[in-house]
Structure formats: structure tokens, C-alpha cells
Amino acid sequence: MRGVSSLVFLLYATFFHPPSTFGLSDPLDEHLDALCLGNFEVGITGLTSLLSSDDPGVPAVVSSGAWHSLGNVFAIQGDLLTAAELHGKGKAAEGKTLPPLAVRYQKGEWCNEIGDIFWISSFAKYNIFQLTGGDGGMWGRGE
């Protein structure tokens, strides 16, 4: 069944992506560029700063994109449970926003030849989110 959920995500991303995913703000794009350069530390710091900002003017789509992008990095680094939790935060911030790094890859936009890794990591964190219900579910953290 996991293939079906990935197919649904792919079809949604291809045909029904909300316009909000293509109007991301410059600050988010700057952090996505850092991630595409492989500079995860700078990208993570920038996205975390954006999310901890007290600015009420940060659009939900930007917050959602930041959560999703952090989730991509955690998935790539092998922490799939945290990636799934961050995916859930992205969905909670704005439910129709797709992971911006995956959208970049889908649209053929520049991402330093690692866009496919972000694309795949989006499916990985999404599938773990689905399997665990977004809370660690059957695997848990053992904390």
C-alpha cells in the first residue's frame, strides 16, 4: 500500500499543487538554496530562526515549507522519526503546502544535483508519518 500513497502524493504534486507553493518568500528560498548547496548547518540555522521568529507576519505557507524542509534534512541524515514529526508540523502549519525541496526537483529547478535526494526524502518522511500516525507510533522513541 505504500506505493499507492506515494502515487497519490505524486499525482497531487503534479496536477493539484496549490498556487501558494510557488510564491515562497525570498527568506525561505535563501535557506533552500543553502540546503541545495549541501550546507545543511546554514540551512537548518536559517529555517530554525525563521520558525522561531516572533513576527506574526510570516505566512503559514512559509512556516509549512520550513518545517517540511527541515524534515527533508532529518530524513537524509537518517532520523526518520523526527523527519515524520516535522512533516506533521508542516501539515499542521498549512495543510496544502508541498515540501518545497521536492517541488523544486519536480519543476526541474536548480538544486545542485541533489534535488533527487530531497525528492526521495519527502516520500520517506511522508510514509513514516503515515505509518506512525505522526507520533512515532509502532516504532516509538523508547524515551
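Which helix is Ser 52 found in? Select Ser 52, and you will find that this residue belongs to helix α3, which covers residues 40-52; helices here are DSSP runs of H or I with at least four residues, strands are runs of E with at least two, and both are numbered from the N terminus. Before going further, keep in mind that this is a predicted model, in which local features need pLDDT of at least 70 and side-chain atom pairs count only at pLDDT 80 or more, while totals for chains, interfaces and linings use all residues. Residues are numbered from 1 along each chain as its sequence is written, and side-chain values use heavy atoms, with hydrogens and water left out.

**From Ser 52 to helix α4**

Ser 52 counts as exposed, because its relative accessibility is 53%; the term exposed is kept for values over 50%, buried for values under 20%, and partly exposed for those in between, using a 1.4 Å probe and protein chains only. Now add Ser 63 to the selection: its C-alpha atom is separated by 9.8 Å from that of Ser 52, and the two residues are 11 residues apart along the chain.

Next, select residues 60-76, which form helix α4. Of the 17 residues in α4, 13 are buried, so that this helix is mostly covered. The end C-alpha atoms of α4 are 24 Å apart, which agrees with the 24 Å that its 17 residues should span at 1.5 Å a residue, where the expected span is 1.5 Å times one less than the number of residues. After α4, look for Gly 78, whose phi is positive, near 95 degrees.

**The pair α4 and α5**

Keep α4 in view and add helix α5, residues 80-93; the two pack at an angle of about 170 degrees, with their axes 8 Å apart. Axes are lines fitted to C-alpha atoms, for helices over the stretch in contact, and angles run from 0 to 180 degrees between N-to-C directions. The helices α4 and α5 are therefore roughly antiparallel to each other, a term that applies to angles over 145 degrees, whereas angles under 35 count as roughly parallel, 65 to 115 as roughly perpendicular and the rest as oblique.

To see where they meet, display side chains including Trp 67 and Phe 74 in α4, and Leu 80 and Leu 86 in α5; contact means heavy atoms within 4.5 Å. By class, this contact of α4 with α5 has 9 nonpolar, 7 polar and 2 charged residues. Here Ala, Val, Leu, Ile, Met, Phe, Trp, Tyr, Cys and Pro count as nonpolar, Asp, Glu, Lys and Arg as charged, and the others, Gly among them, as polar. Among the buried residues of α5 are Leu 81, Ala 84 and Gly 88, and the buried residues of this helix pack against α4 and α7 (115-132).

**The salt bridges**

Finally, turn to Arg 104, which is buried, with a relative accessible area of 8%. Asp 33 forms a salt bridge with Arg 104, their closest N and O atoms being 2.9 Å apart; a salt bridge is a side-chain nitrogen of Lys or Arg within 4 Å of a carboxyl oxygen of Asp or Glu. This pair links distant parts of the chain, with Asp 33 in helix α2 and Arg 104 in helix α6, 71 residues apart. Add Asp 29, and you have selected a network of salt bridges that links Asp 29, Asp 33 and Arg 104.
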